[in-house]
Amino acid sequence: MRKLQFLLVFLFSMSNVWAQELNCQVNVLTPRIQSSDKKIYTTLQTSIYEFMNNTRWTNDKFKAEEKIECSIQIEITDRVSTDEFKGTIQVSARRPVYGTSYNSPLLNYKDDDFSFRYVEFQTLDYAGESGRNPNLVAVLAFYANIILGLDYDSYSKYGGGEFFAKAQSIVANNTNAPEKGWKAFEANRNRYWLCENINNPIYKPIRTLYYDFHRKGLDTMTKTRDESIRICADAIENIRRVNNDKPQSVFMKTLFDPKADEVVNIFSGASGDIKSNMVLILSEIDPSNSSKYNKIQTGGN
């Protein structure tokens, strides 16, 4: 009896020590849906929350405090039928900066080609990246692997390759799916092109930036501030050639959409030469945020 009690206590304690990889907040919005029966959207939100947070995405062991902070916001724009929905999905992720309470944004990506079927109280089962999954599950698994890949890349050079390969398998497995977002010819910015860019060797310098900027730059900022700012500046300068070869790529925009304000804050405290150079380079590779980057010269104001 004592041995059984000890085993139960041990197993319970281990379940609290090791946890799944994601701490994903989920929000399902329906501002355009005129319906008295909105309970299904609450159960959908719960189903997605449980799927993202209870699925084991890696073979690595994560402590509870090591979970990757991320969020999913879905806006349902059309209920086509009882179990068919259309809308958008916005996915964001962040990672802590060593020695601070600050979280650096890694991803803030909005996907406008999101349609799926869902029956109330339906359990979302994942058949793996090579299996045939319903579109709702396939899209969620795709973005889970993108989140993991970017997070792992930020801690180890090219460390997220395994997860980007899984995301690519999901895309390939949905090439013939009737739902949009998986095919090259449908748009110049969708799941296909995001995954193609990330896995394309041409864009490897951007993946290098995730490591240099976060692990070698931000994570050392409290100890060697000036040197860390220079490392961040070099990381951005190193992707200039990628932009010259492939201007306005999906991956480049995915990098800077969540980080524009952050880089303004970082380089506003840099030396004059770094400030001038960063305004020039950032405005060149991310022109949509050039008005923000101009504030670097005035200390962010």
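Let me begin with Phe116, which counts as buried because its relative accessibility is 2%, below the 20% under which a residue is called buried; please keep in mind throughout that we are looking at a predicted model.

The ring of Phe116 forms a stacked aromatic pair with that of Phe85, with 5.5 Å from centre to centre and 25 degrees between the planes. Since Phe85 belongs to strand S5 and Phe116 to strand S6, this pair ties together parts that are 31 residues apart in sequence. Phe85 is buried too, at a relative accessible area of 1%, and ring pairs join Phe85 and Phe116 with Tyr41 and Phe114 into a cluster.

The structure holds 13 aromatic pairs, and another of them is the tilted one between Trp57 and Tyr126, where the centres are 5.5 Å apart and the planes stand at 50 degrees. Here the partners come from distant parts of the chain, 69 residues apart, with Trp57 in the loop between helix H2 and strand S3, and Tyr126 in the loop between strand S6 and helix H3. Trp57 is buried, at 4%, whereas Tyr126, at 25%, counts as partly exposed.

Now to the largest pocket, which encloses about 370 Å³ of space. It is lined by 18 residues, and the closest to its centre are Glu66, Arg95, Pro96, Asp151 and Tyr155. Two of these also meet directly, in that the charged end of Arg95 sits over the ring of Tyr155, 4.0 Å from its centre. By character, the lining comprises nine charged, seven nonpolar and two polar residues, and strands S4 and S5 and helix H3 each supply at least two of its residues.

Technical notes. Residues are numbered from 1 along each chain as its sequence is written. This is a predicted model: local features need pLDDT of at least 70, side-chain atom pairs count only at pLDDT 80 or more; totals for chains, interfaces and linings use all residues. Side-chain values use heavy atoms; hydrogens and water are left out. On a 1 Å grid over the protein atoms alone, a cavity is a set of points where a 1.4 Å probe fits but cannot get out, and a pocket is an open set with protein on both sides within 12 Å along at least five of seven lines; lining residues have an atom within 4 Å of a point. Grid points are joined across faces, edges and corners, and a volume is the space filled by probe spheres set on the points. Helices (H or I, at least four residues) and strands (E, at least two) are DSSP runs, numbered from the N terminus. Ala, Val, Leu, Ile, Met, Phe, Trp, Tyr, Cys and Pro count as nonpolar, Asp, Glu, Lys and Arg as charged, and the others, Gly among them, as polar. Rings of Phe, Tyr and Trp (its six-membered ring) pair if their centres lie within 6.5 Å; planes under 30 degrees apart count as stacked, over 60 as edge-to-face and the rest as tilted. Buried means under 20% relative accessible area, exposed over 50%, partly exposed in between (1.4 Å probe, protein chains only). A charge sits over a ring if NZ of Lys or CZ of Arg is within 6 Å of the ring centre and within 35 degrees of the ring normal.
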